[in-house]
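Colleague: I would like to go through this model with you. Please take my questions one at a time.

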Amino acid sequence: MDSDNDAGARTRLVALAAQRGVSLAALSALIGRNTTYLQQFVRKGSPRKLEENDRRILAEFFAVPEYELGGSRRGGVIAMERGRSAIVLPSPRALLAEWADIPRLPLGASAGPGALPPEEIPSGRLRFSNRWLKAQGLEPAMLSVIEVEGDSMEPTLRDGDEILVDRTPRPLRAGIHVIRLDDVLLVKRLESGPGGTVRVISDNTAYPRLERPLHEVELVGRVVWKGGRL
């Protein structure tokens with residue numbers, strides 16, 4: 001049977017996620033788990049407790065003491081005694097340096113018929129580990145988070161999924177990209193075609209494939225991560 005501390009940790013995690021506007025699936029990916037991991041923790045109590053490293057990452061992400069997510073209150077003090085040595089927790093400034101706040105842009109990249117882009121003014125931010133970004137070869141200043149609209153990229157991307165877009169200029173290579181085509185913003189899978197063309201592909205086979213001259217397709221950025229609702 002769950003203790004009050006276990007139940008409180010699940011309730012607190014849901015509240016913190018709602019305050020930050022981030023899905024449990026995205027948080028699961030943040031700690032290197034499958035996208036249903038934290039949903040199972042919250043809804044079914046499996047696992048009963050968060051593992052220490054997972055709890056530490058989430059606590060740092062939300063800037064709260066670990067005991068709010070099921071750790072001991074002893075772990076939330078300035079120093080923890082281990083034998084005769086003391087381990088001093090990093091300062092808030094040091095913790096902040098471990099994370100990059102990537103702007104959410106309300107572009108509504110369409111995975112359906114398409115959407116005209118509004119003003120690109122950030123509507124919030126999503127926090128990523130600088131260590132993870134560096135391991136992926138990603139520069140925070142060149143990243144944006146946007147929300148997918150429509151169903152043409154299902155099952156890969158679903159309506160409401162958030163995607164991390166790398167805007168670093170690079171030669172075209174096969175993969176999922178955000179593009180502008182005929183002044184419409186789209187998220188599509190791209191492949192090189194014959195004679196300087198590019199294939200614009202919807203993963204949902206109900207939608208037709210397009211083949212356009214490369215110069216007609218403006219590459220906004222490559223999709224390098226997704227987080228979505230269950």
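Colleague: Is Thr35 buried, partly exposed or exposed?

Modeller: The model is predicted. Thr35 sits in the loop between H2 and H3. Its relative accessible area is 36%. Buried needs under 20% and exposed over 50%, so Thr35 is partly exposed.

Colleague: What distance separates the C-alpha atoms of Thr35 and Lys226?

Modeller: Along the chain, Thr35 and Lys226 are 191 residues apart. In the model, their C-alpha atoms are separated by 9.9 Å.

Colleague: Which element gives the most residues to the largest nonpolar core?

Modeller: That core has 30 residues, and Leu13, Leu27, Leu38, Leu58, Phe62 and Leu164 touch the most other members. Elements supplying at least two residues each include helix H1 (4–20), helix H2 (24–30) and strand E3 (99–103). The most, 5 residues, come from H4.

Colleague: Which residue follows Glu154 through a cis peptide bond?

Modeller: Omega of this bond is near 5°. The residue in question is found in the loop between E5 and E6. It is Pro155.

Colleague: Which negative surface patch member is found in the loop between strand E5 (143–147) and strand E6 (162–166), with a relative accessible area of 38%?

Modeller: The patch is formed by Glu147, Glu149, Asp151 and Asp159. Patch residues need over 30% relative accessible area. The loop position and the value of 38% belong to Glu149.

Colleague: Is Asp183 buried or exposed?

Modeller: Asp183 lies in the loop between E7 and E8, and its phi is positive, near 65°. Its relative accessibility is 64%. The cut-off for exposed is over 50%, so Asp183 counts as exposed.

Key:
Residues numbered from 1 in each chain as written. Predicted model: local features only at pLDDT ≥ 70, side-chain atom pairs only at ≥ 80, totals over all residues. Heavy atoms only, no water. Patch = residues over 30% accessible without salt bridge, like charges linked within 9 Å, V, L, I, M, F, W, Y side chains within 5 Å. Areas by Shrake-Rupley, 256 points an atom, 1.4 Å probe, with all protein chains shown as cover. Salt bridge = Lys/Arg side-chain N within 4 Å of Asp/Glu carboxyl O. Lys, Arg positive; Asp, Glu negative; His and termini not counted. Charge placed at Lys NZ, Arg CZ, Asp CG, Glu CD. Helix = DSSP H or I, 4+ residues; strand = E, 2+ residues; numbered from the N terminus. Buried < 20%, exposed > 50% of the residue type's maximum accessible area, 1.4 Å probe, protein only. Core = buried A, V, L, I, M, F, W, Y, C linked by side-chain atoms within 4.5 Å.
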